[in-house]
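Thanks, everyone. I will talk through one model this morning, going from single residues to the chain as a whole.

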Amino acid sequence: MPEEIKLWEVQENQPLKEIKRKKLGFERQIEDWLEKDISILSKDFLVIGRQVGTHSGGIDLLCIDKQGDLIIVE
């Protein structure tokens with residue numbers, strides 16, 4: 001079941017203010033961050049490819065973990 005997460009802005013001597021949701025339009029920037037430091041997701045991952053082509057499209061980041069399992073990051 002999906003859960004909704006809300007963010008609130010907290011300022012001294014001010015009421016809480018809900019931060020409205022926006023569509024995240026920074027996919028390329030997030031890919032850059034993760035490619036440079038995949039430990040954000042897991043210290044066990046090693047990036048072995050970016051925008052790897054497949055029959056059904058592309059994989060944003062392809063990683064491998066310590067056990068040799070492939071990890072797809074989308």
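Asn 13 counts as exposed, because its relative accessibility is 71% and the cut-off for exposed is over 50%. Asn 13 sits in the loop that joins β1, residues 7-9, to β2, residues 17-19. I should say now that this is a predicted model. The backbone at Asn 13 has a positive phi of about 60°, although Asn 13 is not a glycine. As background, most residues other than glycine have a negative phi.

There is another positive phi to mention, at Gln 51, where the value is near 50° and the residue is again not a glycine. Gln 51 is in a strand, β3. Is Gln 51 buried or exposed? Neither label fits: Gln 51 counts as partly exposed, because its relative accessibility is 45%, and partly exposed covers the range between under 20% and over 50%.

Next, the loop between α1 and β3. Ile 38 is in that loop, with α1 spanning 27-36 and β3 spanning 46-54. Ile 38 has a relative accessible area of 10%, so it is buried. What does Ile 38 touch, once neighbours within four places in sequence are set aside? The list is Phe 45, Leu 46, Val 47, Leu 61 and Cys 63. For Ile 38 and Leu 61, the separation along the chain is 23 residues and the C-alpha atoms are 9.6 Å apart.

Ser 42 is found in the loop between α1 and β3 as well. Ser 42 is also buried, because its relative accessible area is 17%, and the limit is under 20%. From the C-alpha atom of Ser 42 to that of Leu 70 is 13 Å, with these positions 28 residues apart along the chain.

Now the core. Which residues make up the largest nonpolar core? There are six: Leu 34, Ile 38, Leu 61, Cys 63, Ile 71 and Val 73. Two strands, β4 at 57-64 and β5 at 70-73, each supply at least two residues of this core.

Leu 61 deserves its own list. Not counting residues up to four places away in sequence, Leu 61 touches Glu 31, Leu 34, Glu 35, Ile 38, Val 47, Gly 49, Arg 50, Ile 71, Ile 72 and Val 73. Among these, Leu 34, Ile 38, Ile 71 and Val 73 are listed in the core.

Two exposed positions come next, each paired with a residue elsewhere in the sequence. Arg 28 is in helix α1. With 66% relative accessibility, Arg 28 counts as exposed. The C-alpha atoms of Arg 28 and Asp 60 are separated by 9.1 Å, and the two are 32 residues apart along the chain.

The other position is Gln 67, in the loop between β4 and β5. Gln 67 is exposed too, because its relative accessibility is 60%. Gln 67 and Asp 44 are 23 residues apart along the chain, and 8.8 Å separates their C-alpha atoms.

That leaves the whole chain. The protein chain has one helix and five strands, and from the N terminus on the order is β-β-α-β-β-β. Why call this chain more spread out than a compact globule? The radius of gyration is 17 Å, whereas the globule rule gives 11 Å for 74 residues, so the chain is well over the rule and more spread out than a compact globule. Along the principal axes, the C-alpha atoms fill a box of roughly 50 × 30 × 25 Å.

A few totals. Buried residues make up 18% of the 74 residues; Ile 38 and Ser 42 are among the buried ones. Of the contacts with a separation of 6 or more, 11% are between residues 24 or more positions apart. The exposed area of the chain is about 6,800 Å², and carbon and sulfur atoms supply 54% of that area.

Last, the charges. The protein chain has 11 positive and 15 negative side chains. The centres of the two sets lie 6 Å apart.

Definitions and conventions
Residues numbered from 1 in each chain as written. Predicted model: local features only at pLDDT ≥ 70, side-chain atom pairs only at ≥ 80, totals over all residues. Heavy atoms only, no water. Helix = DSSP H or I, 4+ residues; strand = E, 2+ residues; numbered from the N terminus. Buried < 20%, exposed > 50% of the residue type's maximum accessible area, 1.4 Å probe, protein only. Contact = heavy atoms within 4.5 Å. Core = buried A, V, L, I, M, F, W, Y, C linked by side-chain atoms within 4.5 Å. Rg over C-alpha atoms; globule rule 2.2 N^0.38 Å. Areas by Shrake-Rupley, 256 points an atom, 1.4 Å probe, with all protein chains shown as cover. Lys, Arg positive; Asp, Glu negative; His and termini not counted. Charge placed at Lys NZ, Arg CZ, Asp CG, Glu CD.
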